[in-house]
Structures are given as C-alpha cells and as structure tokens.
Amino acid sequence: MIELKAKTGGDEVSIHQTLQALADEKYIVWEEGLPLEQIVILEGWERQSSSGEKQPLAPQIESDLSYWTKY
C-alpha cells in the first residue's frame, strides 16, 4: 500500500475504493482485506464501447501547445 500511495498520491481510502471499483467491473480479482499482492489483473487495457470506440478513463483536456512553443 505504501508504494501505491507514493506513486498515485492517493490516500488509503481512495486507493481501496478504486481497487474495489476495478474488482466490481471485473478488471481485477481482489477481495478487500486480502494483501494487495494477491490482486489478479483480468484486463490490463481499456474496454471498447458497443460503438467500437475506447471509453476514456479520464476526461479529455484540451491541450494548449502555445505554452511550450512561446517560451
């Protein structure tokens, strides 16, 4: 858990909630209370929607390249 907290910047509660959500959606197999080392990844990539397009995991943010090109 220490490594996940350090790499994600999340707290223990939010990490547990995220892992439970992944388990509920059948991305991983993990029972709460068991060590994190026992997590089994079932799907390591995004699922495609019924229209064939990948569903984004996070909202898309428009990128403003002027920050990088003007300075």
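The following exercises, each with a worked solution, concern a predicted model.

Residues are numbered from 1 along each chain as its sequence is written, and side-chain values use heavy atoms, with hydrogens and water left out. Because the model is predicted, local features need pLDDT of at least 70 and side-chain atom pairs count only at pLDDT 80 or more, whereas totals for chains, interfaces and linings use all residues.

**Exercise 1. Overall architecture**

Determine how many helices and strands the protein has, and in what order they run.

Solution. Start from the DSSP runs, in which helices (H or I) need at least four residues and strands (E) at least two, both numbered from the N terminus. On this basis the protein has three helices and two strands, and their order from the N terminus is α-α-β-β-α. Next, consider burial, where buried means under 20% relative accessible area, exposed over 50%, and partly exposed in between, with a 1.4 Å probe and protein chains only. Of the 71 residues in the protein, 10% are buried. Finally, take contacts, that is, heavy atoms within 4.5 Å: among those between residues at least 6 apart in sequence, 4% join residues at least 24 apart.

**Exercise 2. The nonpolar core**

Identify which residues make up the largest nonpolar core, and which element gives the largest share of this core.

Solution. A nonpolar core is a set of buried Ala, Val, Leu, Ile, Met, Phe, Trp, Tyr and Cys residues joined through side-chain atoms within 4.5 Å. The largest such set holds six residues, namely Ile15, Leu19, Ala23, Ile28, Trp30 and Leu36. Helix H2 (residues 12-24) supplies three residues, the largest share of this core. To follow one member outwards, set aside residues up to four places away in sequence; Leu36 then touches Met1, Leu4, Leu19 and Trp30. As general background, nonpolar side chains tend to be buried together in soluble globular proteins.

**Exercise 3. A partly exposed leucine**

Establish where Leu22 lies, and whether Leu22 is buried, partly exposed or exposed.

Solution. Leu22 is placed in helix H2. Its relative accessible area is 32%, and therefore Leu22 counts as partly exposed. With neighbours within four places in sequence left aside, Leu22 is in contact with Tyr27 and Ile28. The C-alpha atom of Leu22 is also 9.5 Å from that of Ile41, a residue 19 residues apart from Leu22 along the chain.

**Exercise 4. The salt bridge**

Find how many salt bridges the whole structure contains, and which residues are paired.

Solution. The criterion is a side-chain nitrogen of Lys or Arg within 4 Å of a carboxyl oxygen of Asp or Glu. A search of the whole structure gives one salt bridge, formed by Glu3 with Lys7, whose closest N and O atoms are 3.2 Å apart. Both residues lie in helix H1 (residues 2-8), four residues apart, which is about one turn of the helix, and both are exposed.

**Exercise 5. Two loop residues**

Describe where Lys26 and Asp11 lie, and how exposed each one is.

Solution. Take Lys26, which is in the loop between H2 and strand S1 (28-29). Its relative accessibility is 55%, so Lys26 counts as exposed. Lys26 has a positive phi of about 65° although this residue is not a glycine. Turn then to Asp11, which is in the loop between H1 and H2. Because its relative accessibility is 46%, Asp11 counts as partly exposed. Asp11 and Met1, 10 residues apart in sequence, are separated by 9.4 Å from C-alpha to C-alpha.
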